[in-house]
Amino acid sequence: MDKIVIEGCHPLKGDVNISGSKNAALPILVSSLLADGWNSYSNVPALNDIQSIKLLLSHLGARVETEGDLIRIDSSGLCNHEAPYELVRKMRASILVLGPLVARLKKARVSLPGGCAIGARPIDLHLKGLERMGATIKLSHGYVDVSADYLQGEEIFFDTPTVTGTENLMMAAVLAKGVTVLHNSAREPEIVALAEVLTKMGADIMGAGSEVITIKGVSVLQPTSVSIIPDRIEAGTFMVASALNKGDITLLGCDPDHLEAVIQKLALTGAKILVDGTRLRVIGTDRIDSVNIKTLPYPGFPTDMQAQFMVLMSVAKGVSMITETIFENRFIHVSELKRMGAHISISGNSARIRGVSSLSGAPVMATDLRASASLILAGLVAHGKTEINRVYHLDRGYEAIEKKFERLGAAIRRVKE
Ligand code: UD1
């Protein structure tokens with residue numbers, strides 16, 4: 001398996017292009033199942049998770065063509081209602097096909113995603129919503145079978161805001177009979193992006209981006225063509241890199257509106273942030289101040305930026321507290337950061353970080369997607385050599401990250417094994 005080797009403490013300067021958003025692209029590619037004919041999607045990032053969803057859509061009977069960052073999908077041939085274990089186990093977001101399959105084929109059989117490194121991550125809210133819309137749910141042999149002659153619009157209350165749960169039910173509801181109202185919906189920009197695509201396809205959706213989304217079912221949708229929004233988590237990762245390394249990095253093609261919580265916290269650490277349309281410049285300073293962070297559903301501070309901020313706090317002046325409220329067990333990067341000299345102690349869902357003057361390079365193991373990004377950041381600021389093993393997590397969600405950092409001046413390389 002490949003590894004990434006970094007010689008730390010090189011200044012980072014220059015421009016970096018932000019890729020299309022993984023978490024927006026996944027549900028949008030899946031939405032192609034809702035209409036016959038060729039859909040076309042541009043600015044799709046080249047990532048392993050995108051590869052996984054393409055494989056799954058092909059398995060279901062769709063025709064998928066890729067040309068650079070452009071993906072075309074025609075699901076007129078949709079014939080298979082089963083998402084098998086081999087495909088779902090690689091990527092939890094495969095569960096997104098559940099709603100569209102029931103809407104189009106009246107049935108779906110999807111392998112249960114099971115636990116993963118960052119917590120239990122159940123799908124009960126996806127299933128409860130579909131059940132409320134009239135579907136029959138059966139769980140057996142590690143699979144969930146969902147069937148419904150038709151889906152009926154309903155009032156659905158999420159116990160907690162769920163991103164893929166909201167997306168799944170939105171896609172189920174666009175072709176349902178009557179009106180569906182989703183209460184306590186997730187408000188992430190990726191939800192708004194999906195709603196915009198569905199609306200272009202002919203769906204009737206109001207309120208995406210707020211807690212209440214109202215969907216009036218229609219009988220048929222048309223294929224469409226759209227460009228994927230920029231990846232706010234990739235953008236946030238480069239912003240932290242600049243703040244961490246006294247860098248001067250300008251992000252090109254990002255959407256600063258989606259990064260408000262990250263911008264505000266980073267500014268409190270002392271970094272200078274200049275926004276100009278879709279350009280965002282971060283200038284790191286000599287002194288990094290400690291800030292406390294609590295992860296929350298959007299528009300709160302994103303859990304997907306928690307590990308990266310922990311690296312920044314590891315070399316900040318003073319003590320900070322990071323509280324993770326979205327996922328249990330999302331501190332698995334802590335033990336690796338401690339091996340690089342960070343002072344972190346965990347109590348329940350909070351981490352107390354006492355900043356140290358420097359980190360030292362070490363061989364480390366990447367454990368999940370965002371934890372992997374945090375180890376790259378730690379390697380960039382650490383003295384000496386850091387070797388990050390098991391980088392397949394990184395390739396799931398960051399497009400050519402080592403090449404982007406290399407262009408900014410980092411001494412970083414991928415070693416093929
Ligand atoms: C999505 C993102 C992921 C991000 C997460 C939180 C994608 C592909 N992934 O994941 O990068 O970290 O949002 O911003 O977009 N929950 C339940 N029951 C359910 C569903 C969720 O209890 O049926 C709980 C989860 O355990 C978690 C919380 O709800 O505590 C939020 O999870 P959710 O928003 O569903 O995360 P994902 O959609 O899987």
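Author: Ala, Val, Leu, Ile, Met, Phe, Trp, Tyr, Cys and Pro count here as nonpolar, Asp, Glu, Lys and Arg as charged, and the others, Gly among them, as polar. This is a predicted model, in which local features need pLDDT of at least 70, side-chain atom pairs count only at pLDDT 80 or more, and totals for chains, interfaces and linings use all residues. Residues are numbered from 1 along each chain as its sequence is written, and side-chain values use heavy atoms, with hydrogens and water left out.

Reader: How do the residues of the shell around the ligand divide?

Author: The ligand is surrounded by 19 residues (each with a heavy atom within 4 Å of it). Those that come nearest are Asp124, Thr162, Thr164, Asp304 and Ile326. By class, the shell divides into eight nonpolar, six polar and five charged residues.

Reader: Which side chain has an N or O atom 2.7 Å from a nitrogen atom of the ligand?

Author: Polar contacts (pairs of N or O atoms within 3.5 Å) link the ligand to several residues, including arginine 92, whose side chain has an N or O atom 3.0 Å from a ligand oxygen. A polar backbone atom of proline 122 lies 3.3 Å from an oxygen atom of the ligand. The contact at 2.7 Å, to a ligand nitrogen, comes from the side chain of aspartate 124.

Reader: What percentage of the accessible area of the ligand does the protein cover?

Author: On its own, the ligand has 740 Å² of accessible area (Shrake-Rupley method, 1.4 Å probe). The share of this area that the protein covers is 85%.

Reader: Which helix gives the most to the shell around the ligand?

Author: Domain 1 (3-19 + 230-415) and domain 2 (22-227), with bounds from an automatic or database assignment, each provide at least three residues of the shell. Two helices (DSSP runs of H or I, at least four residues), spanning 124-132 and 163-173, each supply at least two. With three residues, the one that gives the most is H5.

Reader: Where does the largest cavity lie?

Author: A cavity is a set of points on a 1 Å grid where a 1.4 Å probe fits but cannot get out, lined by residues with an atom within 4 Å of a point. The largest cavity is lined by residues among which are Ser21, Glu190, Asp231 and Arg370, and its lining divides into one nonpolar, two polar and six charged residues. Because both domains give residues to this lining, the cavity lies between domain 1 and domain 2.

Technical notes. A polar contact is a pair of N or O atoms within 3.5 Å; within protein, one must be able to donate a hydrogen and the other to accept it, and residues adjacent in sequence count only if both atoms are side-chain atoms. On a 1 Å grid over the protein atoms alone, a cavity is a set of points where a 1.4 Å probe fits but cannot get out, and a pocket is an open set with protein on both sides within 12 Å along at least five of seven lines; lining residues have an atom within 4 Å of a point.
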